[in-house]
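User: I should like to go through this structure by question and answer, beginning with charged contacts and then turning to sheets and helices.

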Amino acid sequence: MVTFSHADQGTGEAAWAVSGLDAAPELPLDPAELAGMRFVVLAAHPDDETLGAGGLMASLAALGAEVEVLLCTAGEGSHPDSPTTSPEQLAHTRLAEFSAALAALGLADRWAFLGLPDRGLGEHAGTMAKAVREAARRLPGDPDRLALVAPYRADGHGDHDALGAAAAEVARQDGHALLEYPIWFWHWAAPQVPEWRSWLRFHLDEPARAAKRRAMAEHATQVQPLSPLPGDETLLSGQFLAHFSRPFEVFAWTPAPTASAQAHSSDDAELVFDGVHGGSTDPWNYTGSWYERRKRALTLAALPEESYESGLEVGCSIGTLTAGLAARCRKMLAVDASGTAVHRARQHLAGCPGVRVEHCVVPGAWPGGTFDLVVVSEVGYYLSAGELGQLWDRIEASLNPGGTLLLCHWRHPIAGWELDGDTVHAMARQRLGWRTAGLYQERDFVLELMVAPGHKASA
């Protein structure tokens, strides 16, 4: 149980500024994806929404996304010792401030008030869950295209934790995505606390930042004293508010499972990818797309060794990355689940010495021999979670001591498959426990190098 007071000194923004927080990976949703989604934003008290997600909300409004905001309490308990303002007067004022703040964010009249008691949300989980589901029904569409935006469920404030937990349970049961925004975490936690290391950053453009500043100023009862008298002091200090003037916001992101997430596994891979490769000679535009050419160049440049004795590429498709890897490996084996892809890759690599291309549906099948380099690029999410664990077992058994494992995956949701790119990498780290020798992340993909335990044999 975390205990703190708003009057505590807390962790200063300077400590977070040097923690690496500003280099956290970006939320893997581009503007077009955000514009096509629906969002239910939840706030325990007026100002929570602006502090934790005001920039995101302004961005969604500007993009034309469907957004509904649910406010649980009027925040009437923020000044319990006030000699000038009763809880009833404060509730009335704070609701007006909330309305003005939502207007500043571009969401005027797109909110509802649940009328629950301040500091009492722990007793109303069922009411909150029902309200969230009713709001979701007012934004009809595929469940996995709706995201709940809620306080972080371990923020340390009882109301925030209760609302966050209720939202997380609705998201889990109903198949929605979940974005959790921390508020008091930045105050009581220190950068050494590990939770934030897996969170994602959402960059705010200047219009979104300006809208957030205007919205925050509307919450006058929280950022200014109610009066000069004791008991009416300013609740949110300048040091605390500095956490929320960053050019980005931070969220714990849980993607929604896709509606057909259990539909595919490696058993389907041959049929699925024969179909993909049968429809085009270059189904992902490997040779023409700047994104693919740039990612391929980064992949090859990231390899720590100039040359390898033997390399394995899992999921080679038509062999474009294989050609670059072959120039760095004395012997190169490339495998793919699609017989059509293998045929195309063999044609593409016909002039490359030391290269073999084989048909192999991993992880049920696996090539013999050992390797100094294994590359798994854009493959992991086409396996079930159980199959991915088996893939790591296969790689662990066949990668030589000191050998390199390179992983590279798209970070956006993969429709019809159980896993996404970030989950694939997290599972590799957890299962293998190997040293990470390099990590590059951007909004679209993550590229990571791991090194097998032991020392590489001398050439």
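Analyst: A salt bridge is counted here when a side-chain nitrogen of Lys or Arg lies within 4 Å of a carboxyl oxygen of Asp or Glu. The model is a predicted one.

User: Which residue forms a salt bridge with Lys295?

Analyst: The closest N and O atoms of the pair are 2.5 Å apart, and the cut-off is 4 Å. Lys295 belongs to helix 12 (residues 290-302), while its partner sits in the loop between strand 11 (371-377) and helix 15 (385-398), so the contact ties together parts that are 83 residues apart in sequence. The partner of Lys295 is Glu378.

User: How many salt bridges does a search of the whole structure find?

Analyst: Side chains of opposite charge can pair when their charged atoms come close. The pair of Lys295 and Glu378 is a salt bridge. For the whole structure, the search gives a total of 18.

User: In what order do the strands of the open sheet with edge strands 3 and 6 run?

Analyst: Strand 3 (111-116) and strand 6 (200-203) each have a single partner strand, so one side of each is left without a neighbour in the sheet. The pairing is mixed, and the sheet has 7 strands. Neighbouring strands are turned by 25° against each other on average, direction ignored. The order is 3-2-1-4-5-7-6.

User: Which residue in strand 7 stands opposite Glu180?

Analyst: Strand 5 (residues 177-181) and strand 7 (residues 248-254) pair in the antiparallel sense over 3 bridges. The residue in strand 7 that stands opposite Glu180 is Ala252.

User: At about what angle to strand 4 does helix 6 run?

Analyst: Helix 6 lies across strand 1 (38-43), strand 2, strand 4 (146-151) and strand 5. Helix 4 (residues 87-104) lies across strand 2 (66-73) and strand 3, running at about 155° to strand 3. For helix 6 and strand 4, the angle is about 160°.

User: How is helix 5 oriented to helix 6, parallel or oblique?

Analyst: The axes of helix 5 (residues 125-137) and helix 6 (residues 158-174) come within 9 Å and cross at roughly 50°. That angle makes helix 5 oblique to helix 6. The contact brings Ala125, Met128, Ala129, Val132 and Arg133 of helix 5 to residues of helix 6 including Leu163 and Val170, and its residues divide into 8 nonpolar, 1 polar and 2 charged. The orientation is therefore oblique.

User: Which hand does the crossing of helix 3 and helix 8 have, left or right?

Analyst: Helix 3 (residues 48-63) and helix 8 (residues 206-218) pack at about 135° with their axes 8 Å apart, and they are therefore oblique to each other. Among the residues that meet are Gly54, Gly55 and Ala58 in helix 3 and Ala208, Ala211 and Ala215 in helix 8; the contact as a whole divides into 6 nonpolar, 4 polar and 1 charged. The crossing is right-handed.

User: Which are the edge strands of the open sheet with the order 10-9-8-11-12-14-13?

Analyst: This sheet has 7 strands with mixed pairing, and its twist averages 15° from one strand to the next. Helix 14 (residues 339-348) lies across strand 9 (329-336) and strand 10, running at about 165° to strand 10. Each edge strand pairs on one side only, and the two are strand 10 (355-359) and strand 13 (435-441).

User: Which residue in strand 14 is the bridge partner of Thr404?

Analyst: Strand 12 (residues 399-410) and strand 14 (residues 445-451) pair in the antiparallel sense over 7 bridges. The bridge partner of Thr404 in strand 14 is Val451.

Methods:
Residues are numbered from 1 along each chain as its sequence is written. This is a predicted model: local features need pLDDT of at least 70, side-chain atom pairs count only at pLDDT 80 or more; totals for chains, interfaces and linings use all residues. Side-chain values use heavy atoms; hydrogens and water are left out. Axes are lines fitted to C-alpha atoms, for helices over the stretch in contact, and angles run from 0 to 180 degrees between N-to-C directions. Helices (H or I, at least four residues) and strands (E, at least two) are DSSP runs, numbered from the N terminus. Angles under 35 degrees count as roughly parallel, over 145 as roughly antiparallel, 65 to 115 as roughly perpendicular and the rest as oblique. A crossing is left-handed if the near helix is turned anticlockwise from the far one by less than a right angle, and right-handed if clockwise. Contact means heavy atoms within 4.5 Å. Ala, Val, Leu, Ile, Met, Phe, Trp, Tyr, Cys and Pro count as nonpolar, Asp, Glu, Lys and Arg as charged, and the others, Gly among them, as polar. Two strands pair if DSSP finds at least two bridges between them.
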